[in-house]
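Here is a short set of exercises to work through with the model open beside you. Try each task before reading its solution.

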Amino acid sequence: MRHFIIDCDTAEDDVLSLYLLLKNNIDVVALTVVEGNILYDQEIKNALWALEQVNREIPVYPGAKKPLIKNYMTVEKVHGKGGIGDILVEPKRLKAKEKHAALAIIDLASKYAGELEFLAISPLTNLALAYLLDNSIIKKIKKVWIMGGAVFGIGNITPVAEFNIWVDPDAAKIVFNAGFDITMVPWDVIINYPVTDEEWNLIKNMRTKMSELYVLMYSHYRKYSSTIQKINGHPHPDAITTAIAIDERLATRKEKRFVAIDNTDNITRGMTLVDRFDADTSWSDKPNAEIVYEINKRMFLEKIYDLLNWF
C-alpha cells in the first residue's frame with residue numbers, strides 16, 4: 001500500500017487528482033490545502049465537498065493562506081469563482097481539522113517514515129514551512145511529485161512562469177534545494193496533451209455520475225483554455241502529474257537536471273531555469289529534480305476513462 005499526502009489549491013484538476021489516487025487504491029492519508037487558484041476558504045470547501053462526493057472521510061488540513069514573502073493573485077478567470085466553474089459548493093458533513101498543514105506533514109512524515117509520498121499540485125508553501133520546522137522530513141518523505149515550472153520558458157501566469165511556482169517562488173526555491181527526491185512535471189510539457197473535442201464528446205456521452213461531474217467541473221476551464229490560452233481543448237496538469245505518480249511508465253522521457261528558481265520580484269519571477277548541459281557552474285553542480293519531458297497520452301486517457309466509469 002502506498003501512502004500519499006495530496007497538497008492542493010482545490011480547483012477541478014485537484015479534485016480529479018484526488019479521485020485518481022482513490023480509484024487506484026492509493027492510501028491518501030491527508031489533504032493539505034494551500035493558497036493558490038481561488039479564495040482560500042472556497043479551496044477548503046471544495047476539498048471537503050470532493051470527499052463527500054465519493055463518500056470518503058480523509059483529514060483536510062488548512063495550511064498557508066499566503067506565500068512566505070510575496071503577494072500573489074488568485075485566478076478565478078481560469079477556473080471560475082468556485083474553482084470548478086462558477087458554482088460555489090458547500091460541504092454538508094465534513095469539516096476541516098484545526099491542525100496546520102505544515103504540522104500535519106511533519107507528523108505524517110514520521111508516522112509513514114520512508115513510505116510517505118507528497119503530491120504537490122499547488123504552490124509549495126506548505127512543504128517549505130514543514131521543512132523549515134523540521135529538516136528531518138527530507139529523509140522521511142520518500143518522494144515529492146511536483147506539478148510546476150516550465151522547462152521551455154512558456155508560462156501561464158507570465159510569459160515565462162508557471163502559476164504554482166510563481167505564486168511562491170521562495171518556497172519553491174527552498175523545496176528544490178532541500179534534497180527531496182523530486183519529479184517535476186512542467187506546464188509547457190503537459191499542454192502538448194490536451195483533451196480534444198473528440199475525447200471531450202466521448203466523455204460527455206459516457207453518462208456516468210463521474211463523467212457528468214467531470215463535464216460540470218471542466219466546462220469553464222475548457223472554455224478558458226481553448227479561447228484564451230489557444231490550447232486545442234483543455235490540459236490536465238495536476239491529473240497528468242498524479243497519473244505519473246501512480247504509474248511512472250506513463251512518463252516516456254525523463255531527465256535528471258538542476259532546476260534553479262527565480263525568486264526575484266522582476267518580470268522573470270517564478271521562472272524555472274533548467275541546466276540542460278550539466279554545466280559545472282556556480283549555480284549548478286548536480287541534478288535536484290527529475291523532469292518529465294514526454295508522456296504516453298493513450299495510457300493517461302485510459303486512466304481517465306477508467307476513473308469516469310467508476311460509478
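**Exercise 1. A strand and its neighbours**

In which sense do β1 and strand β4 (residues 116-121) pair, and over how many bridges?

*Solution.* Keep in mind that this is a predicted model.

Step 1. β1 and β4 pair in the parallel sense, over 6 bridges. To find the register, look at D7, which stands opposite A120 in β4.

Step 2. Now turn to strand β2 (residues 27-33): its pairing with β1 is parallel too, with 6 bridges. Here I5 stands opposite A30.

Step 3. Follow the chain from β1 to β2. The path runs through helix α1 (residues 12-23), and this β-α-β crossover is right-handed.

**Exercise 2. Inside or outside?**

Work out whether the faces of β1 are covered or open.

*Solution.* Step 1. Recall that side chains in a regular strand alternate between the two faces of the sheet.

Step 2. Sort the residues by side: H3, I5 and D7 belong to one, F4, I6 and C8 to the other.

Step 3. Check burial, which means under 20% relative accessible area. Residues on both sides pass, so both faces of β1 are covered.

Step 4. Put this together: 6 of the 6 residues of β1 (residues 3-8) are buried, so the strand is largely enclosed by the rest of the structure.

**Exercise 3. The whole sheet**

Which strands stand at the edges of the sheet?

*Solution.* Step 1. Write down the order of the 9 strands: β3-β2-β1-β4-β5-β6-β9-β7-β8, an open sheet with mixed pairing.

Step 2. Read off the ends. β3 and β8 (272-275) each have a single partner strand, so one side of each is left without a neighbour in the sheet.

Step 3. Add the twist, which averages 30° from one strand to the next.

Step 4. Inspect the β8 end. Strand β7 (residues 251-261) pairs with β8 in the antiparallel sense over 4 bridges, and A260 has L273 as its bridge partner.

**Exercise 4. Salt bridges across the sequence**

Which parts of the chain does the salt bridge between D170 and K70 tie together?

*Solution.* Step 1. Find the contact: the two side chains meet at 2.8 Å, N to O.

Step 2. Place the partners. D170 lies in helix α8 (residues 169-178) and K70 in the loop between β3 and α3, so the bridge ties together parts that are 100 residues apart in sequence.

Step 3. Check exposure: D170 is buried at a relative accessible area of 9%, and K70 is buried at 10%.

Step 4. Try another pair. D197 forms a salt bridge with R222, their closest N and O atoms being 2.7 Å apart. D197 is in helix α10 (residues 197-204) and R222 in helix α11 (residues 209-227), so this pair links parts 25 residues apart in sequence. R222 is buried, with a relative accessible area of 7%.

Step 5. Look at K254 and E248, whose side chains meet in a salt bridge at 3.1 Å, N to O. K254 is partly exposed at 30%, and E248 is partly exposed at 35%. A network of salt bridges with shared partners joins R253, E255, R257 and E294.

**Exercise 5. A nonpolar patch**

Which residues form a nonpolar patch on the surface together with L68?

*Solution.* Step 1. Locate L68 in the loop between β3 (60-62) and α3 (76-79).

Step 2. Note that L68 is partly exposed, with a relative accessible area of 30%.

Step 3. Complete the patch with I69 and L132; the three residues have about 290 Å² of accessible area together.

Definitions and conventions. Residues are numbered from 1 along each chain as its sequence is written. This is a predicted model: local features need pLDDT of at least 70, side-chain atom pairs count only at pLDDT 80 or more; totals for chains, interfaces and linings use all residues. Side-chain values use heavy atoms; hydrogens and water are left out. Patches are made of residues with over 30% relative accessible area and no salt bridge: like charges are joined within 9 Å, nonpolar side chains (Val, Leu, Ile, Met, Phe, Trp, Tyr) within 5 Å. Accessible areas come from the Shrake-Rupley method with a 1.4 Å probe; for residues, only the protein chains shown count as cover. A salt bridge is a side-chain nitrogen of Lys or Arg within 4 Å of a carboxyl oxygen of Asp or Glu. Helices (H or I, at least four residues) and strands (E, at least two) are DSSP runs, numbered from the N terminus. Buried means under 20% relative accessible area, exposed over 50%, partly exposed in between (1.4 Å probe, protein chains only). Two strands pair if DSSP finds at least two bridges between them. A crossover is right-handed if, with the strands pointing away from the viewer, the path from the first strand over the helix to the second runs clockwise. Axes are lines fitted to C-alpha atoms, for helices over the stretch in contact, and angles run from 0 to 180 degrees between N-to-C directions.
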